[in-house]
Structure formats: structure tokens, C-alpha cells
Amino acid sequence: MITKSNLYRKEKIYGYLFILPPILGLLIFTLFPFVYSLYGSFTDWDGLGQMNFIGLDNFKDLFSDELFYKSMYNTLFLMLGIPIGLVLALLLALGLNRKIPGTTTFRVIYYIPVISSLAAVSIMWNWAYNGDYGLVNQFLELFGIKGPNWLMDKDTVKPALILMTVWKGLGYTMLLYLAALQSVSRSYYEAAELDGASGFQMFRNITWPMVKPVTFFLVVTNIIGGSQIFTEMNIMTPTGGPEYSSASIVFYIWDKAFKNLQMGYASAMAMILGIFIFIVTLIQFKMNEKSSFDGD
Amino acid sequence: MTKKKGFALTMVVLLLMVAALAGCSGGSSSSDGSKELTFMFRGGTDEQKAYKDVIKKFEEEHPGVKVKMVVTAADQYATKLRAAITGNNLPDIFYFAPGDLKAYVNSGVLKDLTPYIEKSKDINLDNIWKYGVDLYRYDGKMAGQGNIYGMPKDLGPFALGYNKTMFEKAGVPLPDKDKPYTWDEFIKVNQELTKDTNGDGKPDQYGTGFNVQWALQAFVWSNGADWLDESKTKVTIDDPKFAEALQFFADMQNKYKITPGIEQSQTLDTYQRWMKGEMAFFPVGPWDMSTFEKLPFEYDLLPFPTGSTGKPATWIGSLGIGVSSKTKYPDEAVELVNYLTTSKEGMKQLVDAKVQIPNLLDMADEWVKDTKTKPNNKQEFIDIVKDYGRALPGNYTYNAEWYDIFFTDIQPVLDGKITAADYVKQEQPKMQKLLDKAVEQEKKSQK
């Protein structure tokens, strides 16, 4: 009995030791900053000196802060790129899943933006969008269209950013879809073919349901990522764009925290953003549960 | 239960240990026993090189002191510094903007340099721009007086440059450096110089192309208006004189067509146009001198055109070099600051590298007389510092949020979509609200 318990205890120690690094990481880099920021959101901390507890004042101020709503709206608007990206990537994946020559080359081409540094990509698009000599407008000129100065106009800056984020994420999404498509057993299609199903019917009833877990994963991660979009606008529109029309919520948080000495207020916004992401993700999980594929 | 508690306790202890380790601030002894100072700064490539050379010289003259340099990109500098302060990981010596002086002093970030400066035999405050030193004085209530918390790295008078070669080619009489243009004259000269030189129907040589954020001040101030009142607590942009200046600024593009239009108005663009010799007038700061030395044309300086006051106006930028209140080697740190800002040896090297104007009055006199280097009329820089230059409005307040939003929202005015008069009316309350907040924040930080 005693030996067995000893053995058990030893194993337990080893177990703890093995999980120690990730747990430490979680505590130091996630939990501790989170709790600190949570406390900060109830203070008037300027990021330098003392933290004075001011209760819910920051949150109250938020409700009448025009720029908070604006940056929240911008963030949601930019998320229009998510469905566009998903559809494009799925179409691409369907195309590249066929046995035609040159697919490998195309896969590489579409994947290159994913491995490129986001900062470098932003600088490149910054040039491309230049109203005067930018590639985009030069291209449009071929068709006789006079392009706007994309990043300086409040009506075009958001679509411009969406185009870029879609382009950047396409390869990653496509690759995941491609992997999902390739794991679908040929036998389903053969059976459907025998039953005389059309191409569209096969897509609707076999392909789409089979890649659904991947779609779910992508939607969840893209929304979380999309809520935190920052680098692109920080490089391309460093002042938040014309009339703040390209500032995302994270951009606004950063602006308040590091430029305007309002770390407490910024923490409050970060909390709201965290809650928002949590709720949206929760809804998605619930929806996925309800409609999940009961077969197999 | 107890086991769980023990485990949690271990975790907490570990956590604290890690936190304590991470919290070590700068100023460490290096392995060979010499004193190591960290110096965080920013600047263009020529500037970085100049500073590296000066510091190398400092190290040679001060055996036992090593300086570790941390350079960051200009637009990320402020953020990095704030992060270093928040993370309790401040470099020993660092640049800071005069606008941040009050916040940094109130929260105990900056070391009071006054006793060190008074003690030092090498420093003669009378031989340094008073304006520059005053920028870094603070008595706990008002900036501009009291103890010294930093020394000016330099002063950056923002002058107006013109392309002399272009004037000569076009047969337009050269501007008189002692008699600034009026706004009307300025428009006329610009219109003469805005040209379609290759006959494709669009002008490819422009009069000018100002970035609103850095050039509007010259027009507003010269017209007798300002962003703030005397007490620095009221936003005064709804003054008709202000609207008039802003309207004039926008009209340069929309009405007089002397600057590149909406679709070409990016800053990068106008800077490049000037560099290529396709622009008659462009603002010049001392930091540009090394780059502009290689311009394919002759350029010189003159005052900005004058509005209703009849007097030219512009701003003087500055960055201070401060010492962390937590540095281990305050004497050496202050020594380095002095070497960079007030010593003859240090200043000479920086001035020769053409990245700044001299901080020392006697050296400035000599420098102005030297006609071998561009621009010829260096006196203009000195006049701005001595006579008519001012600090940017955001410098006076606890944060510059209220000021920044003015430029964030301004695009429709520049595009001619709304009038300046409507804009200032709509923007004033918004800015006032943010300014009130900044004032309140400042009060809180003082107690």
C-alpha cells in the first residue's frame, strides 16, 4: 500500500513539473496582466504614477465617448472582410483541389503573404494605395478610372484595409480548407454520382457539411483576430485615418494608453473588448452545437 | 486542500521572483567592472551616426564608463518610452518631449538635474539658449520656471525654404529674406511658379505643398490667432482670425491651386517633390540640413509669409535629454547629458554633422557666419530661436489629445468640403472637452 502511494506521489510531482512551464507562462503573461488591467480599469492610472480607485467612472465615460463608438464601428466594419475571405478561400481551395498542373505553384503564391511580415506588407500596400503613383490607381487607370487617394479619404480607407487583410489571410484560410477538402473521402462523391447528383448538390450536401468544422474554427479565430486588428492601421494610417475612420478599437486603446496618459481608461476599454470577444465566441459555440452534423 | 494551497503559494512566490527579476532597471555594471549607462534616443540615419560618434568620443574621454545605445524608430519612440516607464525598465538617459515634462516630473520619472548643473564648472547656462533650457524647467505648477529636469538636445526652428534655382530659371525675382511676403504676394509668386512643364495638361511643378499638421501654425499665429488662450485652459480656435488663416491654408490647394491636389497631398509626396526640385517653397528644419546638402538645386531660407499681424511666425521644436530618477550612476549620467548638450567638443561634432543648430550662443554666431555650407541664410534659424519662434500648443498641456483631434478631423476642410468657419465652430467644443479632461488629469497628478 505504502509503496504504491509513494509511486503515485512521485508521479504526481513529475506531472506538476511537466505542466509547470505552461502554467507559469499562463500566470505571468496572461493571468497577471489580466488581473492588473482589470484593477487598472477601475482607477485613473496614467501609466506613470499612482493608481487612484475611481470605481466605474471609466466605464461611465465610455458610454458618452464618440471615438469609442467610432472605433468599435470601424472594427466591426473591417470584419466584413471575414466572410469575403472565407468565400474566396473556399473557392480557391476547391480550384486547387483538382488534379491540374501548376497547383503547387499557385498554392505557394497564395501562401506567400501569410508568411510575410505584417509590417512589411502594410508598408507595401501603403505604397500601392498612394493616390498619385500607387500601383492600385495605375492599374485602374488602364481602364480609364481615376482612383481616389485610398488612405486619405474616409470613404475608401476601410474598404482599402479590408482588401488588404483579405489578401493577407487568404493563403492561410485556403490551406486549411484544402486540408479539409482532401480529407473528405472520395467514396461519398462516388455514391452521390451514382445517385445522379449535380455538382452543386454534391457541394451543398457533401463538401460544405464536411468542411464545416474548419469553417467554424476559421470564423471563431478570425473574429477574435479581427477584433484585435492593429498593426495594419498603425502603419498605414498612423493618426487613425481621416477623421479617425480607420482606427480600430485596439488602436484607440493604444492611443489612450500610450499617447494620452490614460492607462486606466484604456484598461476599461480592453475589458469591454474582452467581454465582447467572449460573448461573441460563446454565441458561436452555442450555434455550432445546435446545428452540428449529427451523422457518423 | 492544504496541498492545493501550498501549490498555489509556490506559484505566487515564483511569480513574484520572476516579476522582481524583470523589474530590474537600467544602469548595470558590465562584466569588466566599468559603469554601464543606457541611452535611448531616436533620429534619422545621419543623426544616429553623429550621436554614435559623439558617444564614442565621450567613452574615450571617460574611461570606466560604457554607454549602451538603444535607437528606435521616430514614430515609435514615445510608445517605447512609456512602455519602459510602465514596465519599470527605464534607460539611464533618454530623450523626452517637452510636452511630457510635467507628467514625468509629477510621477517621479525624471531626475532633478539642477544640483548637478549648478555644481558643474563646465556648464555656463548663460551661453545656452534660454528658451531651450526653460522648456525643461518645472516648479511643480508651471512649466518654464523652477528646477531643470532635462537639457535641450537642440532646438528645431522650422523655417521656410525656397528653391533658388527654380526662381532663377523662371525669371522670378528672388524673395527678400528681410522682408517676408504678405499672403497675397505669396500666392502670386506661387502661381507664377506652378507650371505644367511637360505639356501633359497637369502641373508638375508646384508652388508649395504644406503638411497641415506642421505648417498651419505659421499661418494662424501670423494672423494673430492661436489654439489656446493665455491661461492654456481655453481652446480659442473659434476666433474669426483663426478661421481666416485656416481658410487661407485650404484655399492654397482648392482656390489658388498652388499645391498638389487632394489625391496627391500625402506628405511623403510633397517632401519628395521638393527633393526632386519640383516645388518652389518647402519648410526646412535643421535636422534636414545634412539631407538637403545633396539637393540637385540651390536652396535657402526665408521667413514664412505674414498674415494680418505683419509679422512672420513659426514654431521651434525641441527634445530634451533627461536622466532616470532611478539611475545607479547619476554623476556619470549627467556628465553624458552635458557632454551631448553643452560641451564644446560634443556640440561641435553634432553641428558639423549638420543635424542641428548649435546649443551654445558663441558657437551659433560662428556657425551663422560660415557660408561654406548650405543653407546660406542660417541666420533665419537663429532669428526664429531668438525672436519669433514659439512652442507647439500641445506642449503646454498635460496631454495633447485635444490638439491632435484638430488634425484628425481636418481633412474635409482641406478638401474644400466644409468651410474653415464651420469647422472651427464644430470642433471647438470637442477640443475643449478633451482639454478640460487634461487639465483635470494634471491637477490630480500634482497631489
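Start with the boundary between domain 1 of chain B and domain 2 of chain B, where the area buried in this predicted model is about 2,200 Å², with carbon and sulfur atoms giving 53% of that area. To display the two sides, select residues 35-154 together with 319-381 of chain B for domain 1, and then 159-316 together with 392-446 of chain B for domain 2. If you place a marker at the C-alpha centre of each of these two domains, the markers will lie 29 Å apart.

Next, restrict the view to the residues in contact across the boundary, which are 24 from domain 1 of chain B and 28 from domain 2 of chain B.

Within that selection, turn to the charged pairing: the count between the two domains of chain B is one salt bridge. Select Lys102(B) and Glu442(B) to see a salt bridge whose closest N and O atoms are 3.2 Å apart. Polar contacts can be drawn afterwards, and between domain 1 and domain 2 of chain B they amount to eleven residue pairs, both residues of each pair being at pLDDT 80 or more.

Now colour the helices on the side of domain 1 of chain B that touches domain 2 of chain B, where helix 2 (45-61), helix 4 (101-106) and helix 16 (379-388) of chain B each supply at least two residues. Of the contributions to this side of domain 1, the most comes from helix 4 of chain B, which gives three residues.

Finally, colour that same side of domain 1 of chain B by residue class, and its residues will divide into ten nonpolar, seven polar and seven charged.

Methods:
Residues numbered from 1 in each chain as written. Chains lettered and ligands numbered in written order. Predicted model: local features only at pLDDT ≥ 70, side-chain atom pairs only at ≥ 80, totals over all residues. Heavy atoms only, no water. Domains from an automatic or database assignment. Contact = heavy atoms within 4.5 Å. Buried area = accessible area lost by both parts, 1.4 Å probe. Salt bridge = Lys/Arg side-chain N within 4 Å of Asp/Glu carboxyl O. Polar contact = N/O pair within 3.5 Å; in protein donor to acceptor, adjacent residues only side chain to side chain. Helix = DSSP H or I, 4+ residues; strand = E, 2+ residues; numbered from the N terminus. Nonpolar A, V, L, I, M, F, W, Y, C, P; charged D, E, K, R; others polar.
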